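Hello,

Here is the structure I promised to pass on to you. Have a look at it first, and then read my notes below.

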There are 2 protein chains.
Amino acid sequence: MRMGARLDGLDWIAADWGTSRLRVWAMAADGRVLAGSASDRGMGQLDRAGFGPALLDIVAPWLGGGASDPVPVLVCGMAGARTGWVEAPYRAVPCTPLDPARATRPDGADPRLPVLILPGLSQSSPPDVMRGEETQLAGLIAARPGWEGVVCMPGTHSKWARVRGGRVTAFRTFMTGELYALLARQSVLRLSVAGAEPDPAAFDEAAASGAGLAELFSVRAAGLLGDVPAAAAAGRLSGLLVGAEIAAAESFRGGAPLALVGAPALTSLYARALAARGGGGDPPLILDGSDMALAGLAAARAALTKVPA
Amino acid sequence: MRMGARLDGLDWIAADWGTSRLRVWAMAADGRVLAGSASDRGMGQLDRAGFGPALLDIVAPWLGGGASDPVPVLVCGMAGARTGWVEAPYRAVPCTPLDPARATRPDGADPRLPVLILPGLSQSSPPDVMRGEETQLAGLIAARPGWEGVVCMPGTHSKWARVRGGRVTAFRTFMTGELYALLARQSVLRLSVAGAEPDPAAFDEAAASGAGLAELFSVRAAGLLGDVPAAAAAGRLSGLLVGAEIAAAESFRGGAPLALVGAPALTSLYARALAARGGGGDPPLILDGSDMALAGLAAARAALTKVPA
């Protein structure tokens with residue numbers, strides 16, 4: 001077996017371990033990112049015994065083969081779910097997005113990789129939970145100290161969170177991405193959407209209409225009454241659902257400044273829907289979700305290593 | 001083969017042929033129902049060549065074995081869809097719900113059973129279609145001459161229609177039943193709903209809340225944060241979706257008198273949701289959907305056999 005050298009300057013490893021993906025970053029003590037990697041070995045693909053080996057596989061090139069100090073790994077996301085590596089109990093809002101002292105250590109980690117999994121957030125009324133997005137919120141607070149408003153994190157399950165005084169005071173989950181996948185692939189609308197990528201103009205028009213649930217079936221009916229390209233049907237369906245989410249979130253937002261945090265393809269889609277609906281005040285602050293997750297993990301690492309005064 | 005006798009007084013046959021079910025009634029010339037039957041050989045289970053034999057199978061006991069006059073069959077519903085027995089082209093609203101002169105004769109009917117399929121209705125903006133519900137609307141107009149208002153016909157695809165001066169002026173389709181089935185069986189919420197029948201108290205509370213899309217995920221989150229019986233999760237999901245439909249239909253209804261037409265289990269559910277939301281004015285008129293389909297088919301038959309003055 002060939003023994004490689006440890007990545008120069010490696011101090012700790014940051015990991016965002018979601019349902020469908022695992023992202024890792026090799027971090028220097030001064031906060032620089034030395035390397036990054038990703039795989040599709042998300043929590044949904046793994047049983048409990050699979051997490052340790054999956055982590056070791058992806059970071060092994062950074063560790064080197066010789067004897068050396070352990071490298072701490074800080075993990076956020078679904079790895080901390082009940083059906084994940086180890087359950088990291090939720091913290092109830094209102095609270096700061098992170099409390100690294102409440103992180104949980106799983107069994108079965110390689111001795112070279114002491115792992116801590118950060119807890120998610122819960123809310124009692126209405127009942128709601130998040131795992132991973134709280135770390136993006138911590139990243140936003142670290143990146144923009146003093147920012148207050150509502151953060152929309154679009155995705156399979158979009159999260160909207162109120163941030164005030166460095167704390168998360170309330171949040172809501174919208175199942176928009178999952179609804180789109182179910183309707184586009186398994187409902188009667190699949191006959192019109194036919195697996196096409198959404199057309200942007202049809203998306204904008206549908207999002208602006210605010211018709212939402214009242215016109216979902218029009219995606220199919222339009223195709224029965226005339227020729228509608230599948231991409232237009234897909235765009236219309238996506239626009240109706242994103243528009244319905246934004247409308248349903250309006251009272252939660254309550255006119256507060258908005259930040260969009262997520263994958264650029266999704267945040268730009270939501271920014272377009274917000275603009276198409278109009279009357280939204282200032283344009284939203286847009287930040288990359290992966291950058292914010294890493295910034296949040298770095299903030300947690302800094303808190304854990306802070307020398308007590 | 002045993003030759004039975006023709007059902008005494010049989011003049012014509014009424015058929016409501018939906019996607020999942022076929023219902024038939026043996027009718028006397030004076031409008032009395034002599035017999036009725038139903039099967040699960042809906043349009044969704046049949047290819048084009050299967051409709052004639054399926055119809056003959058279910059009405060054969062009424063025809064008798066000897067030589068005798070043909071028995072006309074009047075059909076409404078999805079049998080007239082493009083993928084049904086024969087396409088009965090839509091009629092565009094605003095229009096009366098029925099025009100029997102626009103019925104379509106399919107190929108392949110048994111010579112003893114001359115079949116006419118009634119057309120559905122279409123709307124250009126927003127694009128929408130219905131097949132079968134227009135006959136229930138005709139039945140309501142026949143049963144309650146002069147009634148005007150908005151008719152809600154709950155189901156897999158709920159239809160809301162404005163009726164004025166004996167005509168349908170506009171309508172909207174809501175995919176509520178299909179959304180429930182997809183979310184309860186195939187989304188992450190299936191883990192909480194677990195195939196249970198909806199609990200009525202949880203339904204009422206969720207319908208009254210008006211939370212709709214903003215709290216769908218609470219169905220799952222509540223179960224992660226505490227013990228929630230599956231029936232309560234199912235009731236909450238159903239109440240959120242029906243409540244969202246009623247809220248989204250509010251501007252379409254515009255305060256008009258409401259009639260609920262459908263299966264009693266569904267119309268009573270919607271009546272409860274309307275009452276739970278409150279402020280709805282007079283209680284809705286509630287009529288059985290199957291009765292109204294038959295009344296509409298009888299009205300169409302009467303129009304076809306009317307002796308010109």
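Where chains A and B meet, each contributes 33 residues to the contact; two residues are in contact if their C-beta atoms, placed from the backbone, lie within 7 Å. On the side of chain B that touches chain A, α6(B) gives the largest share, 5 residues. Helices (H or I, at least four residues) and strands (E, at least two) are DSSP runs, numbered from the N terminus. That side of chain B holds 20 nonpolar, 8 polar and 5 charged residues. Here Ala, Val, Leu, Ile, Met, Phe, Trp, Tyr, Cys and Pro count as nonpolar, Asp, Glu, Lys and Arg as charged, and the others, Gly among them, as polar.

Please keep in mind that this is a predicted model, in which local features need pLDDT of at least 70 and side-chain atom pairs count only at pLDDT 80 or more, while totals for chains, interfaces and linings use all residues. Residues are numbered from 1 along each chain as its sequence is written, and chains are lettered from A and ligands numbered from 1 in the order in which they are written.

Now for a sheet in chain B. Five strands form an open, mixed sheet in the order β11-β10-β9-β12-β13; strands pair if DSSP finds at least two bridges between them. β11 and β13 of chain B are at the edges with a single partner strand each, so one side of each has no neighbour in the sheet. β12(B) and β13(B) run parallel, paired over 4 bridges, and V261(B) has L287(B) as its bridge partner.

Enjoy exploring!
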